[in-house]
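User: Please take a close look at the charged side-chain pairs here. Keep it informal, and carry on into the surroundings once that part is done.

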Amino acid sequence: MKTIPLAIIGAGPAGMSAARTAARWGLKPVVFDEQPAPGGQIYRALESTPLRDPKLLGAEYWHGTSLVDSLRREAIDYRPGHMVWQLTRDGEIGVLADDTAELIRAERVILATGAQERPFPIPGWTLPGVMGAGAAQILLKTSGVVAQAPVVLAGSGPLLYLVAVQYLRAGASVAAILETTPKSNRRQALTHIGGAVQGWRYLKKGMQLLSELKRAGVRHERHVNALSAEGEGKLASVRWQTAQKPGVWQSCEATTLLLHQGVVPNVQMTRALGGEHDWFEQQLCWRPRRDVFGRSDIEGFFIAGDSGGIAGARAAELQGALAALAVLESLDRVDGATREREASPMLSALASELAIRPFLDALYRPADMWRRPGDDVVVCRCEEVSAGEIRRVARLGCSGPNQMKSFTRCGMGPCQGRMCGLTVSEILAEENQQSLEQTGYYRLRPPFKPITLGQMASAVDRTLQEPARDETEKASL
């Protein structure tokens, strides 16, 4: 089995920045990325997007150009289209590319797997035509294609406004924005006004997006407290109620409904490794334990970017560089004094980037009703398990998600709990009147993504053949 000094999993802002920093100090990292091109979600398809007008996707999108360019130019072993399906605590990495699996061992691993959209289960969310706002943004960036109109966006968070504006700039028609942010959130957010002022650039950007939506005449319904997708076999309309008009249902025709209520760390790999995770009430999510340099509680593993806590692309870039510096020190490529000197301006910049987070987290905190839906709503899409079934099993004595699997197969589908894990934990905690820490999360294990037995066997075959190839190479020398 080949051994490499540093493997970076993910080529978003954190992964690219980590690779660039490592290469600058003479260490050649191997970057495994499931996507066909670098960029992650925020800089998706930056090299190939057909939307070349900088105004369409915004300046923040094109900021990633230097990172992507460095990944192509530097002494970096960048491997696109490589899906990581296995990862062990001794650094063994299973990757799949072009239907061929391979096992590689790394002395150090930086996990830069990013974030995923928070589950947003509402009545009808499994209908064709209902999708995540992030998925719609991917479609726009990669193909220059917008979802079929009429388009309605529902939920909360800055991405909701950004996608709506990007759609408008691309010539699409946005029928309505249904904002589910509770009015009471404003009061709590104001307690963090100092950090908001420090992050005024983000506030200015948000106000500009809202102003653009208003000028375009987009219908904007605020304080939505009931929401459902309607249709027979596919989405036909969206119904909602607002706090201002309790009991009064409103509706509009819709072919596409884009849902979003923030993002949460992608913890599938850190969970499978058995690392410690803490419930972070401020962002209502699980976070793997790490220090400011990304060191996890697992020897040789580092976590960078939003996979360790939601902070945004600029913060992820800084965290990637900091993790790379810590790796370099652990491999004796730099000394402690050099690491401190290089890290000092990055830590200052990171503190500045993080200042606004408490304000944003409080302002866009999803209400309980959107995270713990009614009994008739499907929670586990893969196995079609409803919230009511989860509550029924909880009343039978099921106290945690792993027991829930045995009762209902909830979380055992192809997504391995990505789409339902948070919702299941929150419903069980509420039903059993216990904390999220007591309730826990799914126990995960490889393979992280679907892989055939034949593909797994090919990895073993390649590993067994390596000693013979090595001997042949030595003899030829």
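Analyst:
**Salt bridges, then the helices**

Let's start with Glu230, which sits at 27% relative accessibility and so counts as partly exposed; that class runs from the 20% cut-off for buried up to the 50% cut-off for exposed. Bear in mind that this is a predicted model. The partner of Glu230 is Arg239: their side chains meet in a salt bridge, with N to O at 3.8 Å. The cut-off for calling a salt bridge is 4 Å, so this pair makes the list at 3.8 Å. Arg239 falls in the partly exposed class too, because its relative accessible area is 29%.

That pair belongs to a total of 27 salt bridges in the model. Some of them join up: Asp291, Arg295, Glu329, Arg339 and Glu340 are tied together in a salt-bridge network.

Now go to Asp368, which has two arginine partners to look at. With Arg371, the closest N and O atoms are 3.1 Å apart. With Arg372, the side chains meet at 3.2 Å, N to O. The first of these pairings fits the helix: Arg371 and Asp368 both lie in α14 (residues 368-371), and since they are three residues apart, about one helical turn separates them. Burial is where the partners part ways. Asp368 has a relative accessible area of 42%, so it is partly exposed. Arg371, at 5% relative accessibility, is buried, and Arg372 is buried as well, with 16%. Both arginines come in below the 20% cut-off for buried, so each of these bridges pairs a buried arginine with a partly exposed aspartate.

If you're after a buried polar residue, try Thr439, in helix α18 (residues 436-439). Its relative accessible area is 6%, which is why it counts as buried. Who covers it? Leaving out residues up to four places away in sequence, Thr439 touches Ser399, Gly400, Pro401, Ser425, Leu428, Ala429 and Gln434. Two of those are worth another look. Ser425 is 14 residues away along the chain, yet its C-alpha atom is 6.3 Å from that of Thr439. Gln434 makes a side-chain to side-chain polar contact with Thr439, at 3.0 Å. A polar atom of the Thr439 side chain also lies 2.8 Å from the backbone oxygen of Ser435.

Helix α6 gives you a mostly covered stretch, with nine of its twelve residues buried. The buried set is Leu159, Leu160, Tyr161, Leu162, Val163, Ala164, Val165, Gln166 and Tyr167. The geometry checks out: at 1.5 Å a residue, the twelve residues of α6 (residues 158-169) should span 16 Å, and the end C-alpha atoms are 17 Å apart, so the two agree. After α6 comes Gly171, with a positive phi near 95°.

For a contrast, finish on the surface. Leu190, Ile193 and Val197 make a nonpolar patch of about 280 Å². Of these, Ile193 lies in helix α8 (residues 193-198), and with 41% relative accessibility it counts as partly exposed. Patch residues need over 30% relative accessible area, so Ile193 clears that bar at 41%.

Notes
Residues numbered from 1 in each chain as written. Predicted model: local features only at pLDDT ≥ 70, side-chain atom pairs only at ≥ 80, totals over all residues. Heavy atoms only, no water. Patch = residues over 30% accessible without salt bridge, like charges linked within 9 Å, V, L, I, M, F, W, Y side chains within 5 Å. Areas by Shrake-Rupley, 256 points an atom, 1.4 Å probe, with all protein chains shown as cover. Helix = DSSP H or I, 4+ residues; strand = E, 2+ residues; numbered from the N terminus. Buried < 20%, exposed > 50% of the residue type's maximum accessible area, 1.4 Å probe, protein only. Expected span 1.5 Å × (residues − 1). Contact = heavy atoms within 4.5 Å. Polar contact = N/O pair within 3.5 Å; in protein donor to acceptor, adjacent residues only side chain to side chain.
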